[in-house]
Amino acid sequence: MARDYKHRGQHRTQPKPKTGVPAAWWNWLVLVLVIVVFPVLLLKWCGSTQESKSPTKQTPPKQVADQVKTPTKTKSPEPEAIDEPRFDFYTILPEKEVVVPDYEIKTRVREERVGKAKSTQYLLQAGSFREFADADRLRAKLALMGIESRVEKAQVGDVIWNRVKMGPYEQMSSVTTIKSRLKDNGIDVMVTEISH
């Protein structure tokens, strides 16, 4: 027997239009405006307070006009009065050692494996002591481990430091091997790069 699938007792109602959807884009617009306008106003406010903190001397327009009418002669600096630069780090810096950080060590080992390593020499510094006896004690400990080291004196300010150094080494892979051996024995080292 045939059946009627139409629902006769229920009235079909129209779906109500969503009133929240048009308001949602307005909410986003207001949010964006607040995010943009707030920092601008904040910078403007902070900038005006900094200007008010540093008072500037303003000259009346009449005095400015008088200054313009009567130019003054300025002395040009004499060539012998110009001092040479007081800083000599331009000449010292290339001669100094550069500390190589740990992440750079790993990168340089990888470059060595590929064959793109640059030709530099590396030094390891195991410690720096004010007393020579402490530095010599560390040097003896390194000798018992089979690592050749030396004690170098360096003056920093008025203090003389005794630095325990190893090297120079040509390959970064040998530096990492020695560094790991020393770390296993509780000695932390600093790797420095020196130019030829």
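**Group meeting talk: charges, strands and a cis bond**

Let me start with one side chain, Arg139, which counts as partly exposed at 31% relative accessibility, where buried means under 20% relative accessible area, exposed means over 50%, and partly exposed is in between, with a 1.4 Å probe and only protein chains counted. Before going on, I should say that this is a predicted model, in which local features need pLDDT of at least 70 and side-chain atom pairs count only at pLDDT 80 or more, whereas totals for chains, interfaces and linings use all residues. Residues are numbered from 1 along each chain as its sequence is written, and side-chain values use heavy atoms, with hydrogens and water left out.

Now for the overall layout. The protein chain has six helices and five strands, where helices (H or I, at least four residues) and strands (E, at least two) are DSSP runs numbered from the N terminus. If you follow the sequence from its start, the pattern reads α-α-α-β-α-β-α-β-β-α-β. Of the 196 residues in the protein chain, 18% are buried.

Back to Arg139, and to its partner. Asp136 forms a salt bridge with Arg139, with 2.9 Å between the closest N and O atoms; a salt bridge here is a side-chain nitrogen of Lys or Arg within 4 Å of a carboxyl oxygen of Asp or Glu. These two residues are three apart in helix 5, and therefore about one helical turn separates Asp136 from Arg139. Asp136, for its part, is partly exposed, at 27% relative accessible area.

Helix 5, which covers residues 132–144, holds another such pair. Asp134 and Arg137 form a salt bridge whose closest N and O atoms are 2.9 Å apart, and because they are three residues apart in the helix, they too are separated by about one helical turn. Asp134 is partly exposed at 30% relative accessibility, while Arg137 is exposed, with 55%.

How many salt bridges does the structure hold? There are seven, and among the residues taking part are Glu104, Arg108 and Glu193, which are linked in a network of salt bridges. As general background, side chains of opposite charge can pair when their charged atoms come close.

One more salt bridge takes us into the strands, for the side chains of Lys165 and Glu152 meet at 3.8 Å, N to O. Lys165 belongs to strand 4 (residues 159–169) and Glu152 to strand 3 (residues 150–156), so this pair ties together parts that are 13 residues apart in sequence. Is Lys165 buried or exposed? Lys165 counts as buried, at 3% relative accessibility, whereas Glu152 is partly exposed, at 28%.

Let us look at the sheet itself. Five strands make an open sheet in the order 1-5-2-4-3, with antiparallel pairing, and two strands are said to pair if DSSP finds at least two bridges between them. The edges are strand 1 (98–99) and strand 3, each of which pairs on one side only. Strand 3 and strand 4 run antiparallel and are joined by seven bridges, and the bridge partner of Arg150 in strand 4 is Lys165. The hairpin of these two strands has two residues between them, and there Gly157 takes a positive phi near 70 degrees. Elsewhere in the sheet, strand 2 (residues 121–129) pairs with strand 5 (residues 190–194) in the antiparallel sense over five bridges, with Met190 in strand 5 as the bridge partner of Gln125.

Strand 4 has one more detail, since Pro168 lies in it. A cis peptide bond joins Gly167 and Pro168, with omega about 15 degrees.

Finally, the surface patches, which are made of residues with over 30% relative accessible area and no salt bridge, like charges being joined within 9 Å and nonpolar side chains (Val, Leu, Ile, Met, Phe, Trp, Tyr) within 5 Å. Lys106, Arg110, Arg113 and Lys183 form a positive patch, and helix 4 (residues 102–114) gives the most to it, with three residues. Arg110 lies in helix 4 and counts as partly exposed, at 49% relative accessibility. There is also a nonpolar patch of about 1200 Å², whose members include Trp25, Trp28, Ile35, Val40 and Leu41. Leu41 sits in helix 1 (residues 20–53) and is exposed, with a relative accessible area of 52%.

Notes
Accessible areas come from the Shrake-Rupley method with a 1.4 Å probe; for residues, only the protein chains shown count as cover. Lys and Arg count as positive and Asp and Glu as negative; His and the chain ends are not counted. The place of a charge is taken as NZ of Lys, CZ of Arg, CG of Asp or CD of Glu.
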